[in-house]
Amino acid sequence: MTQSATLHTLLDAAKVWHSALPALSNFVAWPQDLTYAERPAHALPHIAHLTTEPGEASAVSQPLRDTIIAAAPYLEWRHTYTEEEVGGDFLNRFGWFELAGPDGHFLTNETRMTVGFWGANLHYDWHQHEPEELYSVVSGHGQFLVEGQDTLALGPEGTRLHLSNQPHALTTTDAPILTFVLWRGAGLADPPRMST
Ligand SMILES: [Fe+2]
């Protein structure tokens with residue numbers, strides 16, 4: 001398939017996922033202003049881990065997980081963080097891409113949809129950002145830490161809300177995690193910043 005056909009197939013799978021989980025569809029409506037943007041693929045080392053060990057999915061999440069894996073060579077994967085910030089092992093087994101948003105494979109100003117993958121036994125340290133955020137777990141599992149709230153262990157179909165500028169962190173233990181994440185509100189184009 002071409003990159004465009006692959007990305008449109010992935011967008012369709014994301015839309016099915018968005019409508020299947022009430023938490024997602026109640027958080028933000030599916031954007032109506034989506035336009036496809038030609039973005040060059042950018043590979044990162046974590047693709048090998050995502051492809052060989054993506055983590056267990058549920059019956060509902062498996063179509064999206066498998067579509068993400070099939071699309072992996074066509075995606076503009078990003079790190080954002082530096083080795084000084086998170087370490088070399090983290091960067092070898094972590095990557096994310098923007099499916100839709102101000103700077104995504106599809107352009108929209110209504111929300112931001114990203115997909116992130118972390119290998120097992122990684123700690124994504126405390127960080128924050130202005131937009132509100134809803135994580136959903138596609139496969140694998142992890143511990144979701146939020147300042148002022150109990151830590152939640154979440155697997156496929158689990159969701160967690162982060163309020164505007166509320167510090168949060170993510171730890172994986174014996175499994176990787178693949179997440180689909182929505183943002184809403186002001187600051188959609190701004191990157192997260194590590195909490196001080
Ligand atoms: Fe976040």
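**Exercise 1. The histidines at the iron ion**

Task: In this predicted model, determine whether histidine 129 and histidine 168 are buried or exposed, and describe the iron site to which they belong.

Solution.
Step 1. A residue counts as buried when its relative accessible area is under 20%. Both histidine 129 and histidine 168 are buried.

Step 2. The iron ion is coordinated by NE2 of His129, by NE2 of His168 and by two OE atoms of Glu133, at 2.1 to 2.6 Å.

Step 3. Along the sequence, these donor residues follow the spacing H-x3-E-x34-H. The two histidines join distant parts of the chain, being 39 residues apart. Histidine 129 lies in the loop between β5 (123-128) and β6 (132-140), whereas histidine 168 belongs to strand β10 (residues 168-171).

Step 4. What arrangement do the 4 donor atoms form around the iron ion? Four donors count as tetrahedral if all angles lie between 85 and 135 degrees. Here the angles run from 53 to 139 degrees, and the arrangement is therefore irregular.

**Exercise 2. The two sides of helix α1**

Task: Compare the span of helix α1 with its expected value, then establish where its buried residues lie around the axis.

Solution.
Step 1. Helix α1 covers residues 3-20, 18 residues in total. From its first C-alpha to its last it reaches 26 Å, close to the 26 Å expected at 1.5 Å a residue.

Step 2. The buried residues in α1 are Gln3, Thr6, Leu7, Leu10, Leu11, Ala13, Ala14, Trp17 and His18.

Step 3. These residues lie on the same side of α1 because they cover an arc of only 165 degrees around the axis.

Step 4. On the other side of α1, the residues Asp12, Val16 and Ser19 are exposed.

**Exercise 3. The largest pocket**

Task: State how much space lies in the largest pocket, and identify the strands that contribute to its lining.

Solution.
Step 1. The largest pocket holds about 320 Å³ of space.

Step 2. Its lining consists of 24 residues. Those that lie nearest the centre of the pocket are Trp96, Arg112, Thr114, Trp183 and Pro192.

Step 3. At least two lining residues come from each of β2 (94-101), β4 (112-118), β5, β6 and β11 (177-184).

Step 4. Which strand gives the largest share of the lining? The answer is β4, with 5 residues.

**Exercise 4. Positive phi angles in loops**

Task: For threonine 80 and glutamate 157, give the phi angle, the place in the chain and the exposure.

Solution.
Step 1. Threonine 80 is not a glycine, yet its phi is positive, at about 65 degrees. Threonine 80 is located in the loop between α4 and α5 (83-86).

Step 2. With a relative accessible area of 43%, threonine 80 is partly exposed.

Step 3. Glutamate 157, also not a glycine, has a positive phi of about 80 degrees. The loop between β8 (152-154) and β9 (159-162) contains glutamate 157.

Step 4. The relative accessibility of glutamate 157 is 35%, so this residue counts as partly exposed.

**Exercise 5. Separation in sequence and in space**

Task: Locate glutamate 53, asparagine 165, histidine 42 and glutamate 83, and set the sequence separation of each from a partner residue beside the C-alpha separation.

Solution.
Step 1. Glutamate 53 occupies the loop between α3 (46-52) and α4 (62-71) and is partly exposed, with a relative accessible area of 48%. Glutamate 53 and alanine 120 are 67 residues apart along the chain, while their C-alpha atoms are separated by 9.7 Å.

Step 2. Asparagine 165 lies in the loop between β9 and β10 and, at 31% relative accessibility, is partly exposed. Between asparagine 165 and histidine 127 there are 8.6 Å from C-alpha to C-alpha, for residues 38 apart along the chain.

Step 3. Histidine 42 lies in the loop between β1 (35-36) and α3, and its relative accessibility of 41% makes it partly exposed. The C-alpha atoms of histidine 42 and alanine 189 are separated by 20 Å, and the two are 147 residues apart along the chain.

Step 4. Glutamate 83 belongs to helix α5. The cut-off for an exposed residue is over 50%, so glutamate 83, at 55%, counts as exposed. Glutamate 83 and leucine 170 are 87 residues apart in sequence and, C-alpha to C-alpha, 18 Å apart in space.

Conventions:
Residues are numbered from 1 along each chain as its sequence is written. This is a predicted model: local features need pLDDT of at least 70, side-chain atom pairs count only at pLDDT 80 or more; totals for chains, interfaces and linings use all residues. Side-chain values use heavy atoms; hydrogens and water are left out. Donors are N, O and S atoms within 2.8 Å of the metal (3.2 Å for Na, K and Ca); water is not among the atoms, so sites may look incomplete. Four donors count as tetrahedral if all angles lie between 85 and 135 degrees; four count as square planar and six as octahedral if opposite donors are over 155 degrees apart and all others between 65 and 115; anything else is irregular. Helices (H or I, at least four residues) and strands (E, at least two) are DSSP runs, numbered from the N terminus. Buried means under 20% relative accessible area, exposed over 50%, partly exposed in between (1.4 Å probe, protein chains only). The expected span of a helix is 1.5 Å times one less than its number of residues. The arc is that of the directions from the helix axis to the C-beta atoms. On a 1 Å grid over the protein atoms alone, a cavity is a set of points where a 1.4 Å probe fits but cannot get out, and a pocket is an open set with protein on both sides within 12 Å along at least five of seven lines; lining residues have an atom within 4 Å of a point. Grid points are joined across faces, edges and corners, and a volume is the space filled by probe spheres set on the points.
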